[in-house]
Amino acid sequence: MAAADPGTALPASHVQAAPRPTRDVHRVVVTGGAGFLGSHLCTRLVAEGVDVVCLDNLLTGSAANVGHLQGADGFRVIRREVTDFVHVPGPVDQFGIGGSGSGTGRSS
Ligand SMILES: NC(=O)c1ccc[n+]([C@@H]2O[C@H](COP(=O)([O-])OP(=O)(O)OC[C@H]3O[C@@H](n4cnc5c(N)ncnc54)[C@H](O)[C@@H]3O)[C@@H](O)[C@H]2O)c1
């Protein structure tokens, strides 16, 4: 789609709402959740009212990156190596891959 001329307002009939994420997501596991990208993903999900299980081996990340989320409803950090088997009790609707290595079985 061509970029709109910023000086030309589009009529309302031409404006489409951006696709919205499904609201049926209640619980997400975020690997690398204590890293740079993962912590922002955790923050966004918690702000949307989603329960978040943050899995991280804290190799390059830090619990401080998600310190502001400690105590938030439904937020939990678990220090784990995700290349090992990890049992997460309860239903999980989605997985979020935080950052480098945390979703691929490799650590940076
Ligand atoms: N303020 C800034 O702009 C800023 C700050 C930090 C980083 N960065 C940039 O962000 C990028 C890195 O961010 P990122 O989020 O990809 O990396 P990251 O290292 O911050 O996050 C990866 C997370 O995955 C975890 N992890 C890795 N392997 C794992 C495994 N096997 N099991 C469990 N956990 C595992 C790490 O401990 C870490 O918490 C770089 O480009 C860096 O330059 C920018």
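Is Cys42 buried or exposed, and what is its relative accessible area? Cys42 is buried, and its relative accessible area is 0%. The legends below describe close-up views of a predicted model.

**Figure 1. Overall arrangement of the predicted protein.** The secondary structure consists of one helix and four strands. Along the sequence these elements follow the order β-α-β-β-β. The protein has 108 residues, of which 30% count as buried. Among contacts between residues at least 6 apart in sequence, 62% join residues at least 24 apart.

**Figure 2. Strand β1 and its two pairings.** Strand β1 spans residues 27-31 and runs parallel to β2, to which five bridges join it. Within this pairing, Arg27 stands opposite Asp51, and Val30 stands opposite Cys54. Strand β1 also runs parallel to strand β4 (residues 94-97), with four bridges between the two. Thr31 of β1 has Ile97 as its bridge partner in β4. Five of the five residues of β1 are buried. In a regular strand, side chains alternate between the two faces of the sheet. On one side of β1 lie Arg27, Val29 and Thr31, on the other Val28 and Val30, and all of these residues are buried.

**Figure 3. Strand β2 between its parallel partners.** Strand β2 comprises residues 51-56, and five of its six residues are buried. The chain reaches β2 from β1 by way of helix α1 (residues 36-47), and this β-α-β crossover is right-handed. Five bridges join β2 to strand β3 (residues 75-79), and these two strands run parallel. Cys54 of β2 is paired with Val77, its bridge partner in β3. On the β1 side, the residue opposite Cys54 is Val30.

**Figure 4. Helix α1 and its buried side.** Helix α1 has twelve residues and extends 17 Å from its first C-alpha to its last, close to the 16 Å expected at 1.5 Å a residue. Its buried residues are Gly38, Ser39, Cys42, Leu45 and Val46. Because they cover an arc of only 125 degrees around the axis, they lie on the same side of α1. An α-helix has 3.6 residues a turn, so residues three or four places apart point the same way. The buried residues of α1 pack against β1, β2 and β3. The face turned away from this buried side carries the exposed residues Phe36, Leu37, Arg44 and Ala47. Just after α1, Gly49 adopts a positive phi of about 85 degrees.

**Figure 5. Cys42 and Cys54, two buried cysteines without a bond.** Cys42 is one of the buried residues of α1, with a relative accessible area of 0%. Cys54 likewise counts as buried, at 0% relative accessibility. Why is there no bond between the sulfur atoms of Cys42 and Cys54? The cysteine sulfur closest to that of Cys42 is in Cys54, and the separation of 4.3 Å is too far for a bond. A disulfide would require the two sulfur atoms to be within 2.5 Å. From the side of Cys54, the closest cysteine sulfur is that of Cys42, again at 4.3 Å. The structure as a whole holds zero disulfides.

**Figure 6. The surroundings of Asp51.** Asp51 is found in strand β2 and stands opposite Arg27 of β1. At 32% relative accessibility, Asp51 counts as partly exposed. Apart from neighbours within four places in sequence, Asp51 is in contact with His26, Arg27, Val28, Asp73 and Gly74. Asp51 and Asp93 are 42 residues apart in sequence, and their C-alpha atoms are 9.9 Å apart in space.

**Figure 7. Leu58 in the loop between β2 and β3.** Where does Leu58 lie? Leu58 is located in the loop between β2 and β3. Its phi is positive, at about 60 degrees, although Leu58 is not a glycine. Leu58 counts as partly exposed, with 24% relative accessibility.

Note on methods: Residues numbered from 1 in each chain as written. Predicted model: local features only at pLDDT ≥ 70, side-chain atom pairs only at ≥ 80, totals over all residues. Heavy atoms only, no water. Buried < 20%, exposed > 50% of the residue type's maximum accessible area, 1.4 Å probe, protein only. Pairing = 2+ DSSP bridges. Right-handed = clockwise from strand over helix to strand, strands pointing away. Expected span 1.5 Å × (residues − 1). Arc of directions from axis to C-beta. Contact = heavy atoms within 4.5 Å.
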